[in-house]
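User: Hi! I'm new to this one, could you walk me through it?
Analyst: Happy to, here it is.
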Amino acid sequence: MVNRFKLSTFDRVFVAPFVALAVVTVVYAFVGAAFSAPRSWTVELVTVLGCMMCAHLRIPSGRISGLPMLGVAVALLSVPRPQSEYLLTVAIWVVGVLVSQLIVLRSVSVALYVAGVSAVTGLAFVVVHNELTRLGVWTLVAYTLASAAYFVFALFLEFIRGHGRWSLNQTFGISALSPMRVIGVVLLIAVVSTGMTALDAQLIPWLEGDPDARLTPFVLLLVATFFFMVAQRSRFRRVHQLLTGVVTAAVDLPWATEVGLRKALELRAKMVLQASDTVVRKDPPAAGEIGSRVRLESGLDEYIVASRRLGALPLGGEEQQALTALAHMASETVRIQNDVDKLERLANSDPLTGLPNYGAFQSALVDANENRSYHSGIAVLFIDLDNFKKLNDSRGHHTGDELLKVVAARLRGSVGVRDFVSRIGGDEFVVILTELQTVAQSKELADAIIKEIGKPLTLDGQEFRPVVSAGLAFSGHREIDAQLLVVDADRSMLQVKRSRRQGGPAEGSSVSIASHRSTRTNDIVARAITEDRLTLAFQPIVSIDQGRIWAFEALVRYIDPELGPISPSSLVARAKSLGLMDELTRQIVVKAMDAAEKFYSVEPSIACMTVNLELGQISEDHLGPFIREVARSHPNVSMCIELNERSLRSVTDDLRREAEIMQDAGVIIALDDYGSDDSSVGALVRFPMDILKIDKSLIDDLGDVRQREVIKALQSFGDNLDYTMIVEGIESPDMVDVMVELGVRSAQGYYFGRPQSFRQTMDRIRKFGTAAVVS
């Protein structure tokens, strides 16, 4: 489509005088050329042609789209001409600017406005240069000041027209303006202008051996050609940027879903096209905009529309193609996602009743268990239709199917909006009840559901009252293995059936409550964390080549008075399941850094403490601000957070940025357990880190030359990228010798010391200082 700019009322009022000036200047150029011909028509025609060649070289003046573009055509005014022709020369140059802007901007009104502004600024360029030359100012300085006058005047006019909204957030101010770019263009014009003058007035006469020889058209054409080549290079670079942006979008857009896809498309289009505004809307593109049809909702056609402000280069054919490609990608993403959703619904639902099937139930159970607060209970109600096989055999399968449909409908209508109903087998249903407080509450809800199912209904013209056996299992807070709830509920339901076979009540539905409760260990761990009973052990990290301790790793410990020691892995697993992982880590970090300060007070060379974190905990929503604050509050010692290498497989761009923010705050980042099962090279190059910790599994057979070469290569990798590499699992002096041979400089392991309590560690430091090995 034709790309034109939309002008506001203020724009029209502001632009009108310059449009009029442009018209007057063009008329003067033609009249002056007709009645007072310039000394060289070739020079003037080449000036017009040169303006057209320079038209596409436009340099952004700021760091956001919409700020004025800086052109270079003013350099064509710098070749000296007779004093009497300067006004006519500027007018003819304005004609060239007008023609070039018509080609580039494809808008008569805006091209006239640019030409009018150019008439004023071009005259300022000539007047400033001529006056400075008359005063004997050095040529380069004269052109520099003339160029500065030209661009400053033009920018000032645009600043007024744009209401002064040149700040980064598009409010009043100039923070988005790049002074270095403006200065760079001013110096470029000054240098080129000085070179043109020297070439035409000095070099060519010297080469020709004639002091009066001039090749002004050749000089003008040479400079215009140079700018044209630079413009084409910039254009090719821009096309490459568009292509790169489209390719990147092809990777990113499919991961955005629902409302997020709409926002992602707008942001991606704005970034790729360097547009001022992008929006998905129902209306097609208007004047001054480009757009492409997009379907982000089934059956609804919309448009992704992009535009640039007055003063910027308009969006052209390459941008239109890129926008069309982005719109197609987004539309295909929605179509494919809809197909996938449809297939998932088919795969996860029961075709007879429409209820979710067993696979969907398993996912829902995990979700209900993981995404509840610590004190929010859930329950699993396992339901089995009694005598269902007898019904099928006596009345036919169609009757059994009708019963299943009725039971499914009654289940749907009797549960809460956040509860989950599923058919997991022929005559078996499971309900997940959520947001519960007590076992009694869950039993009350289960009884109401069973009562609803047991209401009479008509099947094949006969009244029928469904009878079910049901088992209920309640969980007070998060489970490590939620599947145990299903096992308990199923076992409880079978007890009801067994009771009936052994002479129990044969009529009426009933619910049996399982004895399942969250394990005792869960309660013990929860109490230990909430009451701050955890302790730490410290293991030294040593410099092999210097034979000294330079850091400690803090490791969590807990000994229950009744159960005895609880392993760190169990502590962490249960803290996760209970929703207390962040609180556990807070306590570890505070105690570890307080201990580090005390170690430092005895041995100032031990000034680093490492603690283990989950990757997601560094985000702003979890412990990011807390960790940075703790690091700032302990200026004498460095905090190092160890992130497990396996967790980096799910790293996002947001988490990478969070890690970089951590580093900026002085927090050291270590990649832990590298070399364990399924380690990825990608973690080494895609995530910011300062320390690489090698898992002991990578040195379990140092007689294997392959292990040695891997360790040597990783040490070289760390040296080249300025990482500190620490090898874990060093347990003997022979292993130390091999590490020294391979160039390893830092290590950790039982040979240098087992994890010890704070008191034991302080005793070691006081007695042996920083010695890496003690008897």
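Analyst: First, a term we'll need: helices are DSSP runs of H or I with at least four residues, numbered from the N terminus. Also, this is a predicted model.

User: Thanks! Which helix do E131 and R134 lie in?
Analyst: Both lie in helix α4, three residues apart, which is about one turn of the helix. Their side chains meet in a salt bridge, 2.7 Å from N to O.

User: Are those two buried or exposed?
Analyst: E131 counts as partly exposed at 37% relative accessibility, while R134 is exposed at 59%.

User: How many salt bridges are there in the count?
Analyst: The count comes to 32. One of them pairs K591 with D532, with the closest N and O atoms 2.9 Å apart. K591 is in helix α17 and D532 in the loop between α15 and β13, so the pair ties together parts that are 59 residues apart in sequence. There is also a network: salt bridges that share partners join E553, E642, K693 and E728.

User: New topic. What about D560, where does that lie?
Analyst: D560 lies in strand β14, residues 548–560. D560 is buried yet has no salt bridge, and the nearest side chain of opposite charge, R527, is 4.7 Å away.

User: Why does R527 not count as a partner?
Analyst: Because a salt bridge needs the nitrogen and oxygen within 4 Å, and R527 is 4.7 Å away. The D560 side chain does have a polar contact of 3.5 Å with that of Y558.

User: And how many cavities of 30 Å³ or more does a search find?
Analyst: Two. The second largest holds about 40 Å³ of space, and helix α4 gives the most to its lining, with four residues.

Terms used
Residues numbered from 1 in each chain as written. Predicted model: local features only at pLDDT ≥ 70, side-chain atom pairs only at ≥ 80, totals over all residues. Heavy atoms only, no water. 1 Å grid on protein atoms, 1.4 Å probe; cavity = no way out; pocket = protein on both sides within 12 Å on 5 of 7 lines; lining within 4 Å. Points joined across faces, edges and corners; volume = space filled by probe spheres on them. Helix = DSSP H or I, 4+ residues; strand = E, 2+ residues; numbered from the N terminus. Buried < 20%, exposed > 50% of the residue type's maximum accessible area, 1.4 Å probe, protein only. Lys, Arg positive; Asp, Glu negative; His and termini not counted. Polar contact = N/O pair within 3.5 Å; in protein donor to acceptor, adjacent residues only side chain to side chain.
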